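Me: I'm new to this structure and would like a close look at a single part. Here it is, so could you walk me through it?

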Amino acid sequence: MKQHMKADGILASFKERFKEDLFDGYIKSFENGVKRTRYDQIFMRVKRERFVEAAEHLLSYGWPHHTVASGSDIGEELEVLFHFEVYPESHGHGVTVTIGTRCPKDDPHIPSLSDVHPAVTPTEREKQEFLGVSMDGIKDNRRLFLVHAVPVGVYPWRKDEFGPEKLVRNVHKDPSGGGDGTKVIADYRPFPPGGPPIVKKQQGGGS
Amino acid sequence: MAHAPPYPLMIGPIHPALKEPTMFKFTMEGERVLDVDIQPGFNHRGVEYLGMKRNPLQVLHLAERVCGICSGAHQYVFCRAVEHAANITPSVRGDYLRVLVAELERIHSHLLWAGVAGHELGFDSILHYTWKVREDVQDILEIICGNRVNYSYYIFGGVRRDVTPEQVEKARKIFAKYRKLEDTILDIFLTDPTISHRVQDVGVLTKENALKLSACGPLTRGAGVKKDVRFSWPYGSYGDMMDDFKVVTPESLGYKATGDIFSQVVVRLVELFEAIRMCEWVLDNLPSGPITSEPNLSALLMAKLRMAEGEGVARVEAPRGEDIHYVRLKKNKMELDSWKIRVPTYGNIMSWLTMFKDAQIADIPIIIASIDPCIGCMDRVTLVDSGTGRERDVDWAVLHDLSVKRSRGLMP
């Protein structure tokens, strides 16, 4: 077994390769117990264009354990973070690595990692339906959890007009419906025919 | 079946033996499973959305209600995620007591699973025996936490209740009782020829698939992959326990890690008694000091959590596998800015699907039960006849009956 690299070494190698394309890269360390055993987690964001390359770079530390992807609406942009662990079979050397990317809301798509790690498909399906972000190259383009419950075009984690507020407000009047009197029928499409919702950039905002 | 294969077999979405509804769509050829697709989401409660409308102290109790069996694991991991986001360090005694309850939960969850697995195989005497035994650990949980199911034990910075010497004494008595049962329980599951026939070489997850598809929990360890968050990323008091305990695989008991359901049975049983030893280790080495580093909750909420800006990922090894929460806090905002939960079953979906390949219809219940799913309630089976296009509903009892008959057929 090759030697386990520490979190700072892993982050440094990413920073060296991706330079200014990597942002918000930092390490959080924690200590627990009487012996104050230390464990680390790395966070980093990589520009959308080099996101797949960054995920591939992670494979150089051995086959990582994929846990899940989380997604957030951060105002002008959408952010998707993939949480991995490197050295998952080690005795105390595991490092939780979070690699994420962002996309503007007027161009809501990011590349899928399904060619890099086959375990990501369910969570990518979930990000499409919950965040309204299209994952380019996804292996299974159906919805996962919301098929029978939420109409296409409503994205529960959005904090803009495509969020579920209207649906939630009317749920007592219309418990099986789409919030406006229409009945929800099973629908496997993640997006309406025009693709994911586009939020026009406000003047002077966003990057 | 009189009609030409392959034909679809729909199982679900409602089933009384499991906790949440899900639907399996099998493609069958005769009795053999060719392919399977899973449709979850029949009971998606939008817990993450709810969490983004509440402050961390409120979400603490919501997190616990994600699951009725590993409720403690969700509260534990949510506490840690918030601590990571807000840079709170838990007290050392709190670390130990957290692990004590987490391991007690593992004991009760594995015993519960053993009963369910016995039931699915048609051995209800096993169900009655293991669930009777499980009552003792439920009693310890009730003595220590005040509750049997939703413990409300974890809090940011530590735990909410200390253990008293009388409680420790009662708990030790029950642990001693459990250790006496070790040989009996191992004997029931590992030497009974009918159980072996039903679970050996059934629902095989290869080591290659377990790694590739990032399986977690006893499922992946049964396939010989030594993944266990308690040891790879040691949180709580596990860092102090690493010299005395190791990741459990079937090899721990001298069996080959074949990745079938039998391997999972071995892993869960060894973990069950390892968890008892861990609880005793924690009680033997319990450090003194405060049980929490944040005794003033209103100050914690208003000063620390409201003013915190940051994100945190926490992972714990729940009884069924790895549980992960991601939390993001924003300054001057009481509610969570973002929250993502991933339960072990979600992480095992992809691996689970590979386990059904080439299985028999009568093995479907035990393969479903084998990973100890936290979703998945089947109540009826819809057989769609590809020849006529006609659907007919088959009650879950019929499917269960098939499984029982298969066990009876193998009885000597």
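How many helices and strands does chain A have, and what does the side of chain A that touches chain B look like?

Reply: Sure, and one thing up front: this is a predicted model. Let's get to know chain A before turning to its contact side. Chain A has four helices and seven strands. Start at the N terminus and walk along, and you'll meet those elements in the order α-β-β-α-β-β-β-β-α-β-α. Taken along the principal axes, the C-alpha atoms of chain A fill a box of roughly 60 × 40 × 35 Å. Of the 207 residues in chain A, 57% are buried. As for how the chain meets itself, take the contacts in chain A between residues at least 6 apart in sequence: 59% of them join residues at least 24 apart.

Now for the part you asked about. On the chain A side, 62 residues are in contact with chain B, which brings 57 residues of its own. Between them, the two chains bury an area of about 4,900 Å², and carbon and sulfur atoms give 53% of that.

What else goes on between the two chains? There are 39 residue pairs in polar contact between chain A and chain B, counting pairs where both residues are at pLDDT 80 or more. So which elements of chain A take part? Those giving two or more residues to this side include the strands E1 (22-32), E2 (37-46), E3 (65-73), E4 (77-86) and E5 (95-104) of chain A. Helix H3 (121-131) and helix H4 (165-169) of chain A are on that list as well. E3(A) gives the most, with eight residues. Sort the residues on this side of chain A by character and you get 26 nonpolar, 22 polar and 14 charged.

Charged side chains also pair up across the two chains: the count between chain A and chain B is eight salt bridges. If you'd like one to find in the view, try Lys340(B) and Glu126(A), whose side chains meet in a salt bridge at 3.0 Å, N to O.

While you have chain B in view, have a look at its aromatic rings too. Over all chains, a search of the whole structure finds 22 aromatic pairs. One of them is edge-to-face: Tyr153(B) and Tyr154(B), 6.0 Å centre to centre with 85 degrees between the planes. Both of these tyrosines are buried. They also belong to one aromatic cluster, together with Tyr76(B), Tyr235(B) and Tyr238(B).

Note on methods. Residues numbered from 1 in each chain as written. Chains lettered and ligands numbered in written order. Predicted model: local features only at pLDDT ≥ 70, side-chain atom pairs only at ≥ 80, totals over all residues. Heavy atoms only, no water. Contact = heavy atoms within 4.5 Å. Buried area = accessible area lost by both parts, 1.4 Å probe. Salt bridge = Lys/Arg side-chain N within 4 Å of Asp/Glu carboxyl O. Polar contact = N/O pair within 3.5 Å; in protein donor to acceptor, adjacent residues only side chain to side chain. Nonpolar A, V, L, I, M, F, W, Y, C, P; charged D, E, K, R; others polar. Phe/Tyr/Trp six-rings, centres within 6.5 Å; stacked < 30°, edge-to-face > 60°. Buried < 20%, exposed > 50% of the residue type's maximum accessible area, 1.4 Å probe, protein only.
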